[in-house]
Amino acid sequence: MISTKRKIAVGILLAFALVFSACKKEGKTKVIRLGHALDVTHPVHKAMKFMADRVEEKSNGELRIDIYPSQQLGSERELLELLQIGSLGMTKVSTGTLENFAPELKVFGLPFLFRDRQHRFDVLESEIGENLLESSVRNRLKGLTFYDAGSRSFYSTQALNSPADLKGQKIRVMESQTAINMVKYLGGSPTPVSWGELYTALQQGIVDGAENNLPSFYLSYHYEVCKYYMVDEHTALPDELLISTVVWNKLSKQQQKWVKEAAMESSEYEKEIWRKAELHALEEIKKAGVKVTYPEKEQFREMVQPMYDEFKKDPEMKKTIEAIQAIK
C-alpha cells in the first residue's frame with residue numbers, strides 16, 4: 001500500500017514531469033529528460049554528463065539528453081515509477097532499489113559475491129551482465145549499462161571495528177529486502193530511509209549509521225556526523241542507467257544505437273574517474289577526523305552465509321550465482 005503522503009508526492013512529480021515531457025521535440029532536436037538523485041560532483045553524474053555530450057556529438061544535434069540531478073524530479077523509486085509510465089525518459093538508480101522491479105538483480109545484494117574489482121567488471125561486461133540489464137524490460141525499464149559504484153561499507157556515529165559493533169545500531173538501508181536481511185544477519189537494526197533524508201536522520205539520531213561507498217559518504221557530507229567508517233566492503237552494488245521502454249520504442253534504430261553506444265562509452269569513462277574519487281574521498285574523510293578501520297572480513301562472511309543458502313533455493317538464482325562465481 002502506498003501512503004497518502006507518498007501518493008500526493010508522486011502525483012505532484014507526475015504532473016511536473018508531464019508538463020516537461022519525457023521526450024519532446026525542440027525544433028529539429030529530440031530531447032530526452034534524465035533525472036537522478038546524485039549531486040553534480042558525483043562521478044556517476046559526471047559519467048552521465050559525458051554520455052549526454054556523446055549522444056549530442058554522435059547525432060550531430062538531432063538527439064539531446066537533459067539531466068536533472070539531486071532529486072529535482074524525485075527519489076530513486078519515484079523516478080522509476082515515472083519511467084514506467086513514460087513521463088520521464090531516463091534515470092540512474094542503484095541495483096539495490098531496482099531489485100523491487102526486477103528480482104533477478106537481488107543477486108548483487110549478496111555480500112562478498114565478487115572476489116575483487118576486476119571480477120566485478122568481468123561479470124558486468126559478460127553475457128550475465130547483459131541478461132541482468134534486460135531483466136527489468138517486462139516492467140518497462142530497459143537497462144543500458146552498469147556504472148561502477150565501488151564497494152559498500154558501514155559508517156556510524158558510534159565506534160565500528162567488527163560485526164559485534166553493529167549489534168543494536170539502527171542502520172539506514174535502501175528499500176531493498178536483500179539489504180534489510182543482510183543488516184539483520186550482521187546484528188544491526190535495518191531502517192529504510194531515502195537518500196535525500198539521510199543526513200537529517202543521522203543528525204537527529206533517527207538512525208545511528210548507514211552503509212555506502214566512499215565517494216557517496218564523502219560527497220553527501222555524512223562524514224560531518226558519522227566519525228567512524230569500517231571498510232568491510234560487504235557488497236558491490238553497481239548503479240544502473242535505465243531508459244523507459246515507452247521512450248526507447250519511440251526512438252529510431254539509429255537513435256537507439258547512439259544512446260546505447262554513448263552509455264557504454266560513459267561506463268568506461270566512469271571507471272577511470274571512480275577510482276580517483278575513492279582515493280580522494282578516503283584522504284578527505286581522514287583529514288576531517290573520521291576513524292577508518294579495516295576489520296577481518298571472514299567473520300562477516302560466516303554471518304551472512306545463510307543468505308546464500310536461501311538464495312540457492314531458487315534454481316534460477318542458484319544458476320546465476322554459480323555462473324558469477326565461475327568467471328575467472
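Which residues, leaving aside its neighbours within four places in sequence, is threonine 191 in contact with? In this predicted model, the contacts of threonine 191 outside that window are Lys170, Ile171, Arg172, Val173 and Val207. Threonine 191 belongs to strand S8, which spans residues 189-192. Its relative accessibility is 19%, and threonine 191 therefore counts as buried, the cut-off being under 20%. A polar contact is also formed by this residue: the side chain of threonine 191 lies 3.3 Å from the backbone oxygen of serine 189.

Strand S2 (residues 29-35) is largely enclosed by the rest of the structure, because 7 of its 7 residues are buried. Burial extends to both faces of S2, with Thr29, Val31, Arg33 and Gly35 on one side and Lys30, Ile32 and Leu34 on the other. The strand is paired with S3 (residues 63-68); the two run parallel and are joined by 6 bridges. Within this pairing, valine 31 has arginine 64 of S3 as its bridge partner.

Helix H5 covers residues 117-124, and its buried residues are His119, Arg120, Phe121, Val123 and Leu124. The packing partners of these buried residues comprise three helices and one strand, namely helix H6 (127-134), helix H11 (253-287), helix H13 (315-326) and strand S5 (141-147). At the start of H5, the backbone nitrogen of glutamine 118 is approached to within 3.3 Å by a side-chain oxygen of aspartate 116.

Glutamine 299 is located in helix H12 (residues 298-311). With a relative accessibility of 42%, glutamine 299 counts as partly exposed, because this value falls between the 20% and 50% limits. Apart from neighbours within four places in sequence, glutamine 299 is in contact with Ser162 and Pro163. Its C-alpha atom is separated by 21 Å from that of leucine 237, a residue 62 positions away along the chain.

Leucine 237 also appears in the lining of the largest cavity. The model contains 2 cavities of 30 Å³ or more, and the largest holds about 60 Å³ of space. In addition to Leu237, its lining consists of Glu99, Gly109, Ser176, Thr178, Ala179, Met182, Glu211, His234 and Thr235. By class, this lining divides into 3 nonpolar, 5 polar and 2 charged residues. Two elements, helix H7 (177-185) and strand S10 (228-235), each provide at least two of the lining residues. The greatest contribution comes from H7, with 3 residues.

The largest pocket encloses about 720 Å³ of space. It is lined by 30 residues, of which Gln71, Ser75, Glu76, Ser194 and Trp195 are the closest to its centre. At least two lining residues are supplied by each of helix H1 (4-20), helix H3 (76-84), strand S4 (90-94) and strand S7 (170-173). The lining of this pocket is made up of 10 nonpolar, 9 polar and 11 charged residues.

How values were computed: Residues are numbered from 1 along each chain as its sequence is written. This is a predicted model: local features need pLDDT of at least 70, side-chain atom pairs count only at pLDDT 80 or more; totals for chains, interfaces and linings use all residues. Side-chain values use heavy atoms; hydrogens and water are left out. On a 1 Å grid over the protein atoms alone, a cavity is a set of points where a 1.4 Å probe fits but cannot get out, and a pocket is an open set with protein on both sides within 12 Å along at least five of seven lines; lining residues have an atom within 4 Å of a point. Grid points are joined across faces, edges and corners, and a volume is the space filled by probe spheres set on the points. Helices (H or I, at least four residues) and strands (E, at least two) are DSSP runs, numbered from the N terminus. Ala, Val, Leu, Ile, Met, Phe, Trp, Tyr, Cys and Pro count as nonpolar, Asp, Glu, Lys and Arg as charged, and the others, Gly among them, as polar. Buried means under 20% relative accessible area, exposed over 50%, partly exposed in between (1.4 Å probe, protein chains only). A polar contact is a pair of N or O atoms within 3.5 Å; within protein, one must be able to donate a hydrogen and the other to accept it, and residues adjacent in sequence count only if both atoms are side-chain atoms. Contact means heavy atoms within 4.5 Å. Two strands pair if DSSP finds at least two bridges between them.
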